[in-house]
Each structure stands twice: as C-alpha cells, then as structure tokens.
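Here's a quick briefing on a protein model, covering its cores, one helix, a surface patch and a few unusual backbone angles. Have a look at the structure first, then read on.

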Amino acid sequence: MERRVVVTGMGIWSCIGRNKEEVTESLRLGRSGIGYDEARKEYGFRSPLTGIVETPDLKALLHRRLRTGMSQEAMYAFMAAREALEQAHINEQYLLENEVGILFGNDSTALPTVEMHATMLEKHDTALLGSGLIFQSMNSTVNMNLSTIFHLRGINFSVSAACASGSHAIGLGAMFIRQGLQNMVLVGGAQEVNPYAMAAFDALGTFSTRVDEPAKASRPFDTERSGLVPSGGAAALVLEDYDHAVARGATIIAEVCGYGFSSNGGGISQPSSEGSYIAMQRALEDAGMTADDIDYVNAHATSTKQGDEEEAKALTRIFGGTNTWISSTKSMTGHECWMAGASEAVYSILMMQGGFVAPNINLDHIDPSAANLRLARQTIETPIQTVLSNSFGFGGTNSAVVLKKFESEKVK
C-alpha cells in the first residue's frame with residue numbers, strides 16, 4: 001500500500017519576507033518585493049529590476065569553517081531549512097540518530113566562478129583561491145552544505161531543472177517516501193541573487209524594463225506586461241511519511257497528494273500549452289482529483305507574453321468554467337527561478353493556513369487568453385483546502401504538484 005506524504009515543517013527566505021510570518025503578511029497585503037538595483041545598471045543590464053533579498057548574517061549561527069564553502073544560495077537555503085526543521089521539531093539530536101534525506105533544486109552558481117576567474121586574472125596562482133570556492137561553485141552547493149551542517153545521511157542530490165527545479169524536488173521527495181525508501185526528506189529550492197547569475201537572461205530581452213515603477217513591473221496575465229523580473233532566495237519543506245509523523249507526534253501542516261510532469265520536446269526556450277496541460281493532468285490524476293476539487297491554482301505565469309498565454313490556454317482547458325481561484329504570486333515576488341516551485345508551494349500552504357487567496361497584483365487589463373479564468377485581482381478571504389502549483393522551465397521541463405490542507409492540526 002502506497003504511503004502518504006505530509007508536510008511537517010516549512011521555511012522561507014525571500015524578497016517578500018525572511019520568515020513565514022513576514023511572508024504571510026506580504027501575501028495577504030499584496031506587497032511587492034521588487035526594487036531597482038543600481039549595481040545591475042552599472043554592470044550593463046538593460047533592466048536593473050530584481051527582487052530585493054537580504055543577505056543573512058550567519059556569523060552567530062555557524063562556525064567559520066562551515067560558512068567557508070557556502071554560496072549565496074546556500075546561505076539563503078540554510079535560513080529556510082533552519083526554519084523548516086524548527087517547525088517540524090527536528091533538533092540536532094534527532095538528525096544524529098535518524099536518517100533524513102535532502103533534495104534541493106538549484107541550477108546555477110555564478111558568483112564564485114566569477115570570483116575565481118577575477119583572482120586568477122590578477123594573481124595567476126591557484127593557491128590563492130582558497131579551499132571554499134570549489135564547494136561554492138558546484139551546482140550541488142546547496143545539498144553538500146546543508147547535508148554537512150544538519151548531518152543529513154539519506155538521499156542527497158540536487159535537482160537541476162531550470163525554473164521547475166524546486167517543484168521537481170518536492171515531487172521526487174514525495175516519491176522516495178511513497179515507495180518506502182525514506183521516512184523524511186528535506187526538500188526545497190534556492191536561487192542566487194547577483195548580477196552575474198542573471199546577465200545572460202537579460203541579454204535575451206526577457207526582463208521587464210518598467211524601471212519607473214518597480215513594484216508594478218511584474219504583471220502576469222496583464223496585457224501591458226513587458227517581461228519578467230528576476231528574483232531569488234530559498235524555500236524548504238520537511239516531507240514525511242504520515243505514519244512516521246504520527247508516531248513521533250508531529251504537527252502535520254499539509255499533504256502532498258499529487259505530482260505531475262512532462263517535457264515539451266520542442267524549442268529550448270519555447271513554452272507549450274500541451275506540455276503544461278499534461279503536467280497538470282498527471283498531478284490531478286496522481287492525487288485522484290478533478291479540476292472541480294481544486295480551490296486554488298498558483299500559476300507559473302512569469303509575466304512574459306508567450307509564457308503566460310500558453311499557460312492560460314492550458315489552465316482554461318482544465319479550469320475554465322470552474323470556481324477555482326487562480327493567481328501568480330510572481331506578481332509580488334518576481335520570478336524566483338530555481339526556487340520558485342518550492343517557494344510557491346510554501347506560499348500556497350500559507351494561504352491554506354490563513355484562509356485567503358493572494359492577489360495577482362498589477363492585473364489591470366486581463367489578457368484575452370486568460371479571459372475565462374477566475375483570476376484573483378485582490379485578496380480573497382476564503383477557505384482553501386486544495387492547491388495545484390505549476391512550475392515550467394527552459395528546455396521544456398514541466399512540473400505540477402497538488403497540495404491538500406491537513407484536516408487536523410495536531411496528530412493524536
């Protein structure tokens with residue numbers, strides 16, 4: 001019999017808040033975390049807009065030896081994981097005595113590579129690079145750092161799947177638990193926030209240039225959208241076998257009911273309504289649900305013309321004519337890239353707990369492709385029991401997860 005997968009802890013470090021409480025308030029108020037980054041303008045970006053993410057001070061939390069190998073995204077991930085484990089009541093002693101896995105989405109580590117190159121150009125001596133940069137520059141930087149810091153001894157690898165990375169990490173973590181291979185897995189996604197990581201994206205002309213009003217630049221489903229706004233941070237969730245959670249008296253927050261995926265098999269940067277549709281349908285079938293069972297969809301919608309249109313077509317095929325509320329939290333956060341699938345799962349569960357749907361801000365004129373969708377243009381106070389969260393990425397990778405509010409807050 002397939003095991004149930006539940007969420008017992010969550011953590012978030014993003015441009016709209018440094019913890020669950022701050023983020024919940026921002027979601028409810030429709031508060032944007034987008035700002036103007038002067039460093040990007042000086043570096044040569046067409047668009048200097050980005051999510052403004054605070055760099056955590058880890059000096060009081062971690063020994064220098066542990067901090068040495070941490071990339072920017074690993075620092076964000078540490079803060080998110082720390083909060084998630086704390087909520088799940090998982091302390092160091094538990095981690096030393098029990099096997100816990102880790103699957104984190106991450107698809108770039110640009111900053112340490114640039115720093116290494118700059119040092120070599122100036123000094124021409126590899127001995128001056130130091131020992132930490134190798135661990136910062138590898139794509140598995142988040143996993144290797146968190147597994148070391150938290151003594152994680154279960155499954156351990158990075159999910160590198162563009163902007164669907166965080167969502168796939170949740171789906172794969174749930175699969176490991178369902179199949180009895182793990183009792184608990186720390187899953188999530190992380191995204192560095194520095195100019196070096198996003199310069200090539202800016203070159204594609206995909207970023208919004210609405211620099212006069214940063215908070216209004218990210219406009220999913222709006223006819224006047226001019227491109228996405230990059231962002232980042234980290235999100236983490238503790239996934240656990242239901243019976244295991246019951247046995248240790250854990251507080252269960254939500255249940256991961258479904259995971260769906262697909263690949264477009266087309267152009268490397270070409271979105272596909274058919275690929276989006278297949279991923280969502282698979283997630284619903286995996287959860288044993290239909291469109292009418294879903295209360296809210298957190299759309300991938302990044303505020304690009306073609307991407308939003310293709311997703312809207314797929315959403316209309318499934319949810320057109322239903323009472324399902326839909327919004328894109330990227331209107332507030334910008335596109336958090338590799339972490340987006342994980343952060344949006346956290347945002348969705350926070351909405352479940354708070355009994356509201358976060359608004360799709362800046363939606364002044366709905367794109368005709370989304371005309372038959374029930375888009376939330378302001379905060380909707382309503383019970384949320386079930387959520388479908390979409391994540392799509394370059395290379396045609398698609399992921400969707402279905403989350404359900406747990407019926408009882410405390411397991412007896």
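At 33% relative accessibility, Y196 counts as partly exposed, because that class lies between buried (under 20% relative accessible area) and exposed (over 50%), using a 1.4 Å probe and protein chains only. Keep in mind that this is a predicted model: local features need pLDDT of at least 70, side-chain atom pairs count only at pLDDT 80 or more, and totals for chains, interfaces and linings use all residues. Residues are numbered from 1 along each chain as its sequence is written, and side-chain values use heavy atoms, leaving out hydrogens and water.

**Surface patch**
- Y196 sits in helix α10 (residues 195–203); helices (H or I, at least four residues) and strands (E, at least two) are DSSP runs, numbered from the N terminus.
- Together with Y43 and V114, Y196 makes a nonpolar surface patch of about 260 Å².
- Patch members have over 30% relative accessible area and no salt bridge, with like charges joined within 9 Å and nonpolar side chains (Val, Leu, Ile, Met, Phe, Trp, Tyr) within 5 Å.
- A salt bridge here is a side-chain nitrogen of Lys or Arg within 4 Å of a carboxyl oxygen of Asp or Glu.
- The areas come from the Shrake-Rupley method with a 1.4 Å probe, and for residues only the protein chains shown count as cover.

**Nonpolar cores**
- A nonpolar core is a set of buried Ala, Val, Leu, Ile, Met, Phe, Trp, Tyr and Cys residues joined through side-chain atoms within 4.5 Å.
- The largest one has 76 residues, and L146 and L237 touch the most other members.
- Helix α4 (residues 72–87) gives this core its largest share, nine residues.
- Another core, of 26 residues, lies apart from it and includes F221 and F319.
- Setting aside neighbours within four places in sequence, L146 is in contact (heavy atoms within 4.5 Å) with residues including F78, F104, H151 and L186.

**Helix α6**
- The 14 residues of α6 (residues 110–123) should span 20 Å at 1.5 Å a residue, and the end C-alpha atoms are indeed 20 Å apart; the expected span is 1.5 Å times one less than the number of residues.
- A110, L111 and P112 are buried in α6, and the cover over its buried residues includes α7 (133–137) and α10.

**Positive phi angles**
- H124, just after α6, has a positive phi of about 50 degrees.
- H151 has a phi near 60 degrees and lies in the loop between α8 (141–149) and β5 (156–159).
- C337, with phi near 50 degrees, is in the loop between α14 (330–333) and α15 (340–354).
- Why does C337 count as buried? Its relative accessibility is 3%, whereas H151 counts as partly exposed at 26%.
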